[in-house]
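Visitor: I am new to this structure. Please take me through one part of it closely, the aromatic cluster and the strands around it.

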Amino acid sequence: MPFKTNRFLKDHAMKPIAKFFLTCAAAASLSAPVLPLAAQERPSPVVLAGDVKAVKTITEADGKQRTELVEPQTIVPGDRLVFGTDYSNTGNEAVTNFTVTNPLPEAVRLAPDAEAGLSVSVDGGKTWGTLAALTLANADGTTRAATHADVTHVRWVLESIAPGAKGRLTYPAIIR
């Protein structure tokens with residue numbers, strides 16, 4: 001859902017939740033494929049759409065708990081979110097090695113239960129790997145293992161998307 005930022009910013013004081021969602025909208029708009037220059041000359045047949053859902057725990061009358069993904073209303077530090085990107089190939093040919101890169105908004109950190117094999121960056125998208133394989137330099141020149149809080153971007157490389165194929169990519173996050 002597009003934001004009407006000019007009118008919104010002009011007519012209302014920006015609330016923290018609005019700032020967060022504007023950040024998320026900006027991040028979702030950056031979820032563009034990385035393609036060779038020749039491929040960028042023609043529009044990609046792959047369509048992307050991003051969203052953010054809050055994880056809500058519901059306790060049933062019998063005491064059992066279940067979780068639902070809902071539209072975020074009020075969020076506070078520690079709340080869990082799921083960022084999603086839907087993709088579909090609207091073209092007549094398979095698309096190969098399609099890359100989807102999502103920067104994490106500064107207000108969130110990657111959740112510890114994220115897929116261990118997820119390709120991430122901890123340096124603004126310069127280098128990539130699994131979190132367990134990445135390190136960061138300390139001020140004294142030593143290195144330390146990267147943590148979930150260090151992740152700046154997540155990325156998926158889709159080997160092949162057949163014509164008409166659709167899918168969804170997600171990662172869990174926690175409000176800082």
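Guide: Here is a walk from the whole chain to the aromatic rings, and then out to the strands and the core.

Keep in mind that this is a predicted model. The protein has three helices and 10 strands. The three helices come before the strands, counting from the N terminus. Of its 176 residues, 34% count as buried. Contacts across the sequence matter for what follows: among contacts with a separation of 6 or more, 71% are between residues 24 or more positions apart.

Now the rings. A search of the whole structure finds two aromatic pairs. One joins phenylalanine 83 and tyrosine 171. This pair is stacked, with 5.1 Å from centre to centre and 5 degrees between the planes. Phenylalanine 83 sits in strand β3, residues 80-89, and tyrosine 171 in strand β10, residues 166-175. The two are 88 residues apart, so the pair links distant parts of the chain. Both phenylalanine 83 and tyrosine 171 are buried.

The other pair joins tryptophan 156 and tyrosine 171. This pair is tilted: the centres are 6.4 Å apart, and the planes make an angle of 35 degrees. Tryptophan 156 lies in strand β9, residues 153-161, and is 15 residues from tyrosine 171 in β10. Tryptophan 156 is buried, as is tyrosine 171. Together, the ring pairs link Phe83, Trp156 and Tyr171 into a cluster.

Next, the strands that carry these rings. Strands β3 and β10 pair in the antiparallel sense over nine bridges. Within that pairing, phenylalanine 83 stands opposite tyrosine 171. Strand β3 also pairs with β1, again antiparallel, and nine bridges join them. There, aspartate 51 stands opposite glycine 84 of β3. Eight of the 10 residues of β3 are buried, so the strand is largely enclosed by the rest of the structure.

Strand β9, home of tryptophan 156, belongs to an open sheet of three strands. The order is β4-β9-β6, and the pairing is antiparallel. Strands β4 (95-103) and β6 (119-121) stand at the edges. Each has a single partner strand, so one side of each is left without a neighbour in the sheet. From one strand to the next, the twist averages 25 degrees. Three bridges hold the pairing of β6 and β9. In one of these strands, β9, arginine 155 is the bridge partner of serine 119. Strand β4 has a detail of its own: asparagine 97 lies in it. Asparagine 97 has a positive phi of about 50 degrees, although it is not a glycine.

Last, the core. In soluble globular proteins, nonpolar side chains tend to be buried together. The largest nonpolar core here has 30 residues. Those touching the most other members are Leu81, Leu110, Val120, Val151, Val154 and Tyr171. Tyrosine 171, then, appears both here and in the ring cluster. Strands β1 (46-59), β3, β4, β5 (108-110), β9 and β10 each supply at least two residues of this core.

Take leucine 110 from that list. Leaving aside neighbours within four places in sequence, leucine 110 is in contact with Leu104, Leu118, Val120, His148, Val151, Val154, Tyr171, Pro172 and Ala173. Tyr171 is among them, which brings us back to the ring cluster of Phe83, Trp156 and Tyr171.

Definitions and conventions: Residues numbered from 1 in each chain as written. Predicted model: local features only at pLDDT ≥ 70, side-chain atom pairs only at ≥ 80, totals over all residues. Heavy atoms only, no water. Phe/Tyr/Trp six-rings, centres within 6.5 Å; stacked < 30°, edge-to-face > 60°. Helix = DSSP H or I, 4+ residues; strand = E, 2+ residues; numbered from the N terminus. Buried < 20%, exposed > 50% of the residue type's maximum accessible area, 1.4 Å probe, protein only. Pairing = 2+ DSSP bridges. Axes fitted to C-alpha atoms, helices over the stretch in contact; angles between N-to-C directions. Core = buried A, V, L, I, M, F, W, Y, C linked by side-chain atoms within 4.5 Å. Contact = heavy atoms within 4.5 Å.
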